[in-house]
Amino acid sequence: MISKSRWKLLAMLALFLAVMVWYSISREDRYIELFYFPVPGKKEPCLQGEAEKMVSKLFGNYSREQPFFLQLKDYFWVKTPSLYELPYGTKGSEDLLLRVLAITSYSIPESIQSLKCRRCVVVGNGHRLRNSSLGEAINKYDVVIRLNSAPVAGYEQDVGSKTTMRLFYPESAHFNPKVEDNPDTLLVLVAFKAMDFHWIESILSDKKRVRKGFWKQPPLIWDVNPKQIRILNPFYMEIAADKLLSLPIQQPHKIKQKPTTGLLAITLALHLCDLVHIAGFGYPDAHQKKQSIHYYEYITLKSMMWSGHNVSQEALAIKRMLEIGAVKNLTYF
Ligand SMILES: CC(=O)N[C@H]1[C@H]([C@H](O)[C@H](O)CO)O[C@](OP(=O)(O)OC[C@H]2O[C@@H](n3ccc(N)nc3=O)[C@H](O)[C@@H]2O)(C(=O)O)C[C@@H]1O
Ligand SMILES: CO[C@@H]1[C@H](O)[C@@H](O)[C@H](O[C@H]2[C@H](O)[C@@H](NC(C)=O)[C@H](OCc3ccccc3)O[C@@H]2CO)O[C@@H]1CO
């Protein structure tokens, strides 16, 4: 005969087990929701306007009307001057910008314009891409957005080789863009300071280079076709900071908080595309001090000490986007 107290103990054990099973199943559901497996050899199904619905949830309805790239005509006849200085607006940098816009273009290539439904992937520079074998899947998207000096040569198996757009600033420009990009890749300058406009002007017009004013030496000779260059509308930086990270747009401090280029690229993709997938996002935990952050070089979180990024806040913003289905993730998060 089993005593009453034994029954109680068994019941408690059974209850405990049931709770454990329920918890792991619910965690598993969540995992599947946050992690997306591309089907090899298949193009992603695309529903026109899908991302747009999510955009209004995240950013409000108004934001789809903004141009992606800056154009000269908006600066010749300045109707409403920008409210903010770089990187959230162009206030105070208009003269330099005018000179840059006179020698660059703002169009979106016909190959993207003409698509009924735009499938995009934003490739972050994170270590999670290493040995991911995602290269083939990444190459299948209509638009592949890459960041900074992230290489493809030698990493094709994991990150692919197609680059439709690359977001960069002078300090993150690859010294040999011809090796890493395609001849028609759009090189999208994200300006953080007036000197960034000065740099691109001096490169494209072959004017005297200025070495001071950068936190890291950018290329002095840069072999690109001016037709590939675009200047990102700072509006996207503003809404990434304001709506996704709730950062104050006007900050008095020396180390100003700002979104990472990856979060900015996701913001841009949500406005440009119908379907947005991401890969290579996610930093190591703070205690993983020796874990490399990039898929292509060994550097750790310590290197980001003075960067002005809040990676935990960004992780929350990305998790929210994954949870509401605004983006899907090809690597784990
Ligand atoms: C030392 C330093 O300033 N590092 C910054 C570097 C550096 O300037 C460039 O790599 C130079 O080519 O740039 C940054 O970013 P970085 O070039 O490292 O990475 C591009 C974007 O990928 C996402 N990422 C990266 C690594 C990782 N483990 N998880 C991620 O999610 C991020 O969204 C990131 O933006 C930048 O521009 O944002 C942010 C970094 O803070
Ligand atoms: C998207 O931001 C880019 C990159 O991710 C950042 O790491 C980088 O941050 C640099 C920051 O912009 C520099 N600040 C200024 C005013 O130039 C900073 O300069 C050194 C410094 C350090 C401490 C206090 C004040 C200034 O260096 C940061 C990199 O370590 O900005 C990138 C966009 O330019």
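Here is a short chat about ligand 1 and a surface patch in this predicted model.

Modeller: Ground rules: the model is predicted, local features need pLDDT of at least 70, side-chain atom pairs count only at pLDDT 80 or more, and totals for chains, interfaces and linings use all residues. Residues are numbered from 1 along each chain as its sequence is written, ligands are numbered from 1 in the order in which they are written, and side-chain values use heavy atoms, without hydrogens and water.

Biologist: What makes the link between Thr-261 and ligand 1 a polar contact?

Modeller: A polar side-chain atom of Thr-261 sits 2.5 Å from an oxygen atom of the ligand. A polar contact is a pair of N or O atoms within 3.5 Å, so that pair counts. His-294 also has a polar side-chain atom 2.5 Å from a ligand oxygen, and for Ile-293 a polar backbone atom is 2.9 Å from a ligand nitrogen.

Biologist: How much of ligand 1 does the protein cover?

Modeller: 91% of the 730 Å² of accessible area that the ligand has on its own (Shrake-Rupley method, 1.4 Å probe).

Biologist: Which helix gives the largest share of the shell around ligand 1?

Modeller: Helix α11, residues 261-272, with 3 residues (helices are DSSP runs of H or I, at least four residues).

Biologist: Now Leu-13, in helix α1. Why is Leu-13 called partly exposed?

Modeller: Its relative accessible area is 47%. Buried means under 20% and exposed over 50%, with partly exposed in between (1.4 Å probe, protein chains only), so Leu-13 is partly exposed.

How values were computed: Polar contact = N/O pair within 3.5 Å; in protein donor to acceptor, adjacent residues only side chain to side chain. Helix = DSSP H or I, 4+ residues; strand = E, 2+ residues; numbered from the N terminus.
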